[in-house]
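Thank you all for coming. I would like to take us through the open and enclosed spaces of one model, and then through a few of its charged contacts, so please keep the structure on your screens while I talk.

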Amino acid sequence: MRRKIPTTAALTVFESAARHGSFTLAAAEQAMTQSAVSRQIAALETFLGVKLFRRTKRGVVLTEAGRHYGEQVGARLEEIERDTLALMASRGHGGTLELGVVPTFATKWLLPRLGAFQRQHDGVLVNLTPRTRPFLFDDTPFDAAIYAGEAGWPGTESHFLMRENLIAVASPELIAPRKVLKADELGRMPLLQQSTRPHAWRHWFESAGVRSPNDMAGPRYELFSMLTEAAIHGLGAALIPRFMVEDELERGRLVELVRHRYLSDRAYYLIHPQQSAERPTFVAFRDWLVAEAMAYREAHGLG
């Protein structure tokens, strides 16, 4: 039976006109004349038996039905475009995984290792999109998320990756000629604060059995990347997850000031809707990621 679906050309023109609220702008975007856009819209309205636009002296205005239909059509066209680009990129082989990720974890920990997965699974594409807050998978294209925080999202499965291991770092010039400090000595240094975690230093000192009257004093930065650069340039000591500064430690741009392990209350998880576990491509990625995280924990004594 023939499907009751308008032509793709008509839907594309309508979506453009609905998004811009203008036949003129839609014509420019679609490389068409304005009269051609008008004919496509008129044909679509005839097909549907519903008015999508009201014509006014100032142009066109979406009807309520047109606004609602425009939102639905726009979402479907985005899905078709995404699927088309994925097929073109993979040349019809392998598959595509869409991940919502914590940006810093993805940049500093996942990406340096991702090449190993893709060498083992030729043709599989892994797309990464920043996501820092919980979300409903049904409203997104994501197969899974890598999230820092609680793992109990409704209707999902989660896999523990690692706890966050915060270490105190600074420029080596800041403590030269010494190579390492005691925890109580660190409390007398300028401390760089993270604005989203105002008690981080206090908790770190408590875990080391030390009290510092300056544990909440010092300049505040919102992002770990800012804290890292401030520490490199000698502005003070910073508390940063180890995996984010491993390159800087190896190159000598930063030093770990105190040999003290402190695991914060934050952990990283792979979270996915239950149906993702039915896809062989995702299962391969999940198993690889969990194994990589386990190897990292063992190598750094994180249990």
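Let me begin with the largest pocket, in which there is about 830 Å³ of space; I should say at once that what we are looking at is a predicted model. The lining of this largest pocket is made by 31 residues, and those that lie nearest its centre are Gln194, Thr196, Arg197, Phe224 and Arg266. If you follow the lining by secondary structure, the elements that contribute two or more residues are α5 (103–120), β5 (144–148), β6 (156–170), α7 (200–207), α8 (224–232) and β11 (262–273). Among the contributors, β11 gives the largest share, namely seven residues. Sorted by class, this lining holds 15 nonpolar, nine polar and seven charged residues.

The second largest pocket has a volume of about 370 Å³. It is lined by 16 residues, and Glu98, Pro141, Phe142, Asp143 and Arg279 are the closest to its centre. Here α4 (64–90) and β3 (95–101) each supply at least two residues of the lining, with the largest share, four residues, coming from α4. The division by class for this second pocket is five nonpolar, four polar and seven charged residues.

From the open pockets I move to the enclosed spaces. How many cavities of 30 Å³ or more does the count give? The count comes to two. In the largest cavity there is about 70 Å³ of space, and the residues that line this cavity are Leu166, Leu192, Gln193, Gln194, Arg197, Ala200, Trp201, Phe224, Leu227 and Leu239. Two or more of these lining residues come from each of β7 (193–194), α7 and α8. By class, seven residues of this lining are nonpolar, two are polar and one is charged. Please note that Gln194, Arg197 and Phe224, which line this cavity, were also named among the residues that lie nearest the centre of the largest pocket.

The second largest cavity holds about 30 Å³ of space. Its lining consists of Met162, Arg163, Glu164, Asn165, Pro241, Arg242, Phe243, Tyr296 and Leu302, and the largest share, four residues, comes from β6. Five of these lining residues are nonpolar, one is polar and three are charged.

Now to the charged contacts. Side chains of opposite charge can pair when their charged atoms come close, and a search of the whole structure finds 14 salt bridges. I will show a few of them, starting with arginine 19 and glutamate 29, whose closest N and O atoms are 2.8 Å apart. Because arginine 19 belongs to helix α1 (residues 8–20) and glutamate 29 to helix α2 (residues 23–30), this pair ties together parts that are ten residues apart in sequence. Both partners are partly exposed, arginine 19 with a relative accessible area of 46% and glutamate 29 with 38%. The contact also belongs to a network of salt bridges in which Glu15, Arg19 and Glu29 are linked.

Glutamate 45 deserves a look of its own. Is its side chain buried or exposed? With a relative accessible area of 7%, glutamate 45 is buried, since the limit for that label is under 20%. Its side chain forms a salt bridge with lysine 51, at 3.8 Å from N to O, and lysine 51 is exposed, with a relative accessible area of 55%. Arginine 55 also forms a salt bridge with glutamate 45, with the closest N and O atoms 3.3 Å apart. That pair links distant parts of the chain, arginine 55 being in strand β1 and glutamate 45 in helix α3, ten residues apart. Arginine 55 itself counts as partly exposed, at 42% relative accessibility.

I will finish on the surface, where Phe47, Leu48 and Val50 form a nonpolar patch with about 200 Å² of accessible area together. Of these, valine 50 lies in the loop between α3 (34–48) and β1 (53–56), and at 35% relative accessibility it counts as partly exposed. Helix α3 also holds serine 38, which is partly exposed as well, with a relative accessible area of 29%. Serine 38 and alanine 17 are 21 residues apart in sequence, while their C-alpha atoms are 9.6 Å apart in space.

Methods. Residues are numbered from 1 along each chain as its sequence is written. This is a predicted model: local features need pLDDT of at least 70, side-chain atom pairs count only at pLDDT 80 or more; totals for chains, interfaces and linings use all residues. Side-chain values use heavy atoms; hydrogens and water are left out. On a 1 Å grid over the protein atoms alone, a cavity is a set of points where a 1.4 Å probe fits but cannot get out, and a pocket is an open set with protein on both sides within 12 Å along at least five of seven lines; lining residues have an atom within 4 Å of a point. Grid points are joined across faces, edges and corners, and a volume is the space filled by probe spheres set on the points. Ala, Val, Leu, Ile, Met, Phe, Trp, Tyr, Cys and Pro count as nonpolar, Asp, Glu, Lys and Arg as charged, and the others, Gly among them, as polar. Patches are made of residues with over 30% relative accessible area and no salt bridge: like charges are joined within 9 Å, nonpolar side chains (Val, Leu, Ile, Met, Phe, Trp, Tyr) within 5 Å. Accessible areas come from the Shrake-Rupley method with a 1.4 Å probe; for residues, only the protein chains shown count as cover. A salt bridge is a side-chain nitrogen of Lys or Arg within 4 Å of a carboxyl oxygen of Asp or Glu. Buried means under 20% relative accessible area, exposed over 50%, partly exposed in between (1.4 Å probe, protein chains only).
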